[in-house]
Amino acid sequence: MFLSLKENKDFTKEIVDYIFINQNKSKSRCTCIEKDLSKIKQDINNIFFNEQKQCHFIKNEKIEFVSYGIFIENEKYIQILFIFGNDKNIIKQYFSFLKNNYKNYKIDIVIPNENILNTILTDFVKEEVKTGIHLKLNKKIKNITKDKSYIVSNIKPHLIDEYKEIHQNENGYWNSKKILKEKKFKIIVCIYNNELVGYIDIYNAVLYNEIYDIFVLENIKNKKEVLKQMLLYVNDYFNNILFVSENDFYCDVFKEIGFIEEDNSKTYSFIL
C-alpha cells in the first residue's frame, strides 16, 4: 500500500506540492524542512542520490500521505524528518508497515502538537514515550556578561579527545564520532582552568538551530556559569535557537536568560 518515491519518480511534483501546502500551514509545520517550494523540491530530489533517505507515500485520486526520513540499515536507526497525513487509519497502517519492515529499529521523530500523529503514537507505542520541553529563542539573550575566565569557542583539533571523553551520547546514534563528521553540526566547547568543562552540539535544522546535546561537568561549583557562557557564545553566532530537554537544571537556566517555552511540538524516541 505504501509506495517508495525512488520506485515511483513520476509522482515527485505532486509530492513536493503536497509537502509545500502542509508545511505552510502554521499548525502542522515541521522545523526539519524548508517552507520555500524550490528548496523543498531540491530536498526531495536529493533522495534519488542518497541510499539512506526514503520517502514513502500513498496516492489514490490524489496524494494523501507523505513520510520522509533517514533509514540506516546497518545501525537499525530511523530519523523521520517529517510526516504529513490527515487520515488516522493510514497513519496507523504506516507505523504497522514500519514495524513489519524495520522491526527493532530505533526511531526518532519530532511532531507538531497539532499534528494528528500525536493522538496515534500513544496508542501505537507500548513502552513509555518521553517528551521534552521545547524552548525557543529568536533574539539576543539577557542576564549574561562575558567572563574571560571561560574560554568558549568552536572545537579545535587538540580538544577532540577531551570532547570524546566527556560526550554523553556515545551509546546513541549521534555519538561524538558521527557529530565530528557531520557538516551540519557545530560543536561549542568551554575551557576553564585549562580543562574542558562543557560542550554544546548544535544542529542546523533549517528553520531553527537546534541544540541537540549539551553537557557541563557535574563536579564543578560554577556549572551554571559555564552553561551561561557557552550559551552567550552560541547566541552571538546563531539565530533562532531551539532546545528540547527533560533536564530541569538546563531548562531553568535557559528560561532565566530569555528562552521561551513553547508547546508546539513533541519529541518521540522509541523502538519499533
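Trainee: Why is asparagine 222 called buried?

Mentor: This is a predicted model, and the value is computed from it. Asparagine 222 has a relative accessible area of 17%. Buried means under 20%. So asparagine 222 counts as buried.

Trainee: Where is asparagine 222 found?

Mentor: In the loop between strand 10 (209-216) and helix 7. Leaving aside its neighbours within four places in sequence, asparagine 222 is in contact with Tyr150 and Tyr192.

Trainee: What makes the pair lysine 223 and glutamate 218 a salt bridge?

Mentor: Their side chains meet at 2.9 Å, N to O. The cut-off is within 4 Å, for a Lys or Arg nitrogen and an Asp or Glu carboxyl oxygen. The pair therefore qualifies as a salt bridge.

Trainee: Lysine 223 and glutamate 218: which is buried, and which is exposed?

Mentor: Lysine 223 has a relative accessible area of 14%. That is under 20%, so lysine 223 is buried. Glutamate 218 stands at 57%. That is over 50%, so glutamate 218 counts as exposed.

Trainee: How do you know that glutamate 256 forms a salt bridge with lysine 228?

Mentor: The closest N and O atoms are 2.7 Å apart. The limit is 4 Å, so the pair passes. The bridge links distant parts of the chain. Glutamate 256 is in helix 8 (residues 248-256) and lysine 228 is in helix 7 (residues 223-237), 28 residues apart.

Trainee: Why is glutamate 256 called partly exposed?

Mentor: Its relative accessibility is 29%. Partly exposed covers the range between 20% and 50%, so the term fits glutamate 256. Lysine 228 has a relative accessible area of 10%. That is under 20%, so lysine 228 is buried.

Trainee: Which residues are linked in a network of salt bridges?

Mentor: Lys224, Lys228 and Glu256. A search of the whole structure finds six salt bridges.

Trainee: What makes helix 7 oblique to helix 8?

Mentor: Their axes come within 11 Å and cross at roughly 55°. That makes helix 7 oblique to helix 8. The roughly parallel class needs an angle under 35 degrees, and the roughly perpendicular class starts at 65, so 55° fits neither. The crossing of helix 7 and helix 8 is right-handed.

Trainee: Which residues meet where helix 7 contacts helix 8?

Mentor: Helix 7 brings Lys223, Lys224, Leu227, Lys228 and Leu231. Helix 8 brings Phe249, Tyr250, Val253, Phe254 and Glu256. By class, the residues of this contact are six nonpolar, no polar and four charged.

Trainee: Now helix 1. How do you know that aspartate 17 forms a salt bridge with lysine 13?

Mentor: The closest N and O atoms of aspartate 17 and lysine 13 are 2.9 Å apart. The test is within 4 Å, so this is a salt bridge. Both residues lie in helix 1 (residues 12-23), four residues apart, about one turn of the helix.

Trainee: Why do aspartate 17 and lysine 13 get their accessibility labels?

Mentor: Aspartate 17 has 27% relative accessibility. That lies between 20% and 50%, so aspartate 17 counts as partly exposed. Lysine 13 has a relative accessible area of 60%. That is over 50%, so lysine 13 is exposed.

Trainee: What makes helix 1 oblique to helix 2?

Mentor: The axes of helix 1 and helix 2 come within 9 Å and cross at roughly 130°. That makes helix 1 oblique to helix 2. Roughly perpendicular ends at 115 degrees and roughly antiparallel needs over 145, so 130° belongs to neither. The crossing of helix 1 and helix 2 is right-handed.

Trainee: Which residues meet there, in helix 1 and helix 2?

Mentor: Thr12, Val16, Asp17, Ile19 and Phe20 in helix 1. In helix 2, Leu37, Ile40, Lys41, Ile44 and Asn45. The contact has six nonpolar, two polar and two charged residues.

Trainee: Why is aspartate 36 called partly exposed?

Mentor: Aspartate 36 has 37% relative accessibility. That is between 20% and 50%, so the label follows. Aspartate 36 is found in the loop between helix 1 and helix 2 (37-45). Aspartate 36 and phenylalanine 20 are 16 residues apart in sequence and 7.4 Å apart in space, C-alpha to C-alpha.

Technical notes
Residues numbered from 1 in each chain as written. Predicted model: local features only at pLDDT ≥ 70, side-chain atom pairs only at ≥ 80, totals over all residues. Heavy atoms only, no water. Helix = DSSP H or I, 4+ residues; strand = E, 2+ residues; numbered from the N terminus. Buried < 20%, exposed > 50% of the residue type's maximum accessible area, 1.4 Å probe, protein only. Axes fitted to C-alpha atoms, helices over the stretch in contact; angles between N-to-C directions. Left-handed = near helix turned anticlockwise from the far one by under 90°. Contact = heavy atoms within 4.5 Å. Nonpolar A, V, L, I, M, F, W, Y, C, P; charged D, E, K, R; others polar.
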